[in-house]
Amino acid sequence: MEKLVLHEYAPSGNCYKIRLTAALLGVPLERRGYDILKGETRTPDFLAQVNANGRIPVLQIGARQLPESNAACVWLAHGSGLIPVDRFDHADMLRWMFFEQYNHEPNVATLRFWLAFIGEENLTDAQRAQIPARRAGGEAALALMDEHLTGRGYFVGDALTLADIALFAYTHVAGEGDFDLAAYPAVVAWLARVSAAPGFVPLRA
Ligand SMILES: N[C@@H](CCC(=O)N[C@@H](CS)C(=O)NCC(=O)O)C(=O)O
């Protein structure tokens, strides 16, 4: 297989998704770190050579760069049991991965980043004004997940897929954004199930 390099900021859930997928599949990754708090993904070199969108994660596959966390997980898991073969289940897995990027990550991950990494006192007025809407959006995403997971083991079918990995990444650290997961018991039970998967690695190893 071509050499794989993960360009990352280790505490990021989007980067962790890729490490978790690789670990569950037993695929080795070389890791290259950037401090996003110091703008290291916005340098001319990074923009020209790694990702013109100025963000990590990026999975480098040989000489090619693949940005977007969920795309990188799909590349890694191609042909594995983490991607359903059944046509509906395959599309349903993608449905939850798009939900993660549109309804979950912009709310749950953004509040975690603002509160636990930047600090509420350092936010701009515009960011502070967005907190209530982001919190409401995050709670709505968690409530929908809880309803879906009630009476089910995993998001799609009856096995772990990339939908679970994508949603696990920021849900299990939602407390760092002041979300109280005790209100979502089916989510809490599912987090424990994902954490018990053979080959699982924690975000902070
Ligand atoms: N949709 C992208 C989001 C990537 C993203 O927002 N990356 C953040 C960290 S998680 C980043 O690089 N921020 C630094 C910056 O924007 O300068 C993905 O899923 O990979």
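Glycine 62 takes a positive phi near 60° in the hairpin of E3 and E4, which has two residues between the strands. Strand E3 covers residues 58–61 and strand E4 residues 64–67; they run antiparallel and four bridges join them. Glutamine 60 has glutamine 65 in E4 as its bridge partner. Strands count as paired here if DSSP finds at least two bridges between them, and the elements are DSSP runs numbered from the N terminus: helices (H or I) of at least four residues, strands (E) of at least two.

A quick note on the source: this is a predicted model, where local features need pLDDT of at least 70 and side-chain atom pairs count only at pLDDT 80 or more, while totals for chains, interfaces and linings use all residues. Residues are numbered from 1 along each chain as its sequence is written, and side-chain values use heavy atoms, with hydrogens and water left out.

Just ahead of E3, the loop between helix H2 (44–49) and E3 holds proline 57. The peptide bond leading into proline 57 from isoleucine 56 is cis, with omega near 5°.

Two residues other than glycine also have a positive phi, as the table shows. Exposure is by relative accessible area: buried is under 20%, exposed over 50%, partly exposed in between (1.4 Å probe, protein chains only).

| Residue | Phi | Loop | Relative accessible area |
|---|---|---|---|
| Glutamate 68 | near 80° | between E4 and H3 | 46%, partly exposed |
| Aspartate 178 | near 65° | between H6 and H7 | 56%, exposed |

Now for the inside. The largest nonpolar core (buried Ala, Val, Leu, Ile, Met, Phe, Trp, Tyr and Cys residues joined through side-chain atoms within 4.5 Å) has 55 residues, and Met145, Phe155, Leu162 and Trp190 have the most contacts inside it. H4 gives the largest share of this core, nine residues. A second, separate core has seven residues, including Tyr9, Cys15, Ile56 and Val58.

Ile56 turns up again at the largest pocket: along with Asn14, Ile36, Arg55 and Glu105, Ile56 is among the lining residues nearest its centre. The lining has 27 residues, and eight of them, the largest share, come from H4. By type, the lining divides into 11 nonpolar, 11 polar and five charged residues.

Terms used: On a 1 Å grid over the protein atoms alone, a cavity is a set of points where a 1.4 Å probe fits but cannot get out, and a pocket is an open set with protein on both sides within 12 Å along at least five of seven lines; lining residues have an atom within 4 Å of a point. Ala, Val, Leu, Ile, Met, Phe, Trp, Tyr, Cys and Pro count as nonpolar, Asp, Glu, Lys and Arg as charged, and the others, Gly among them, as polar.
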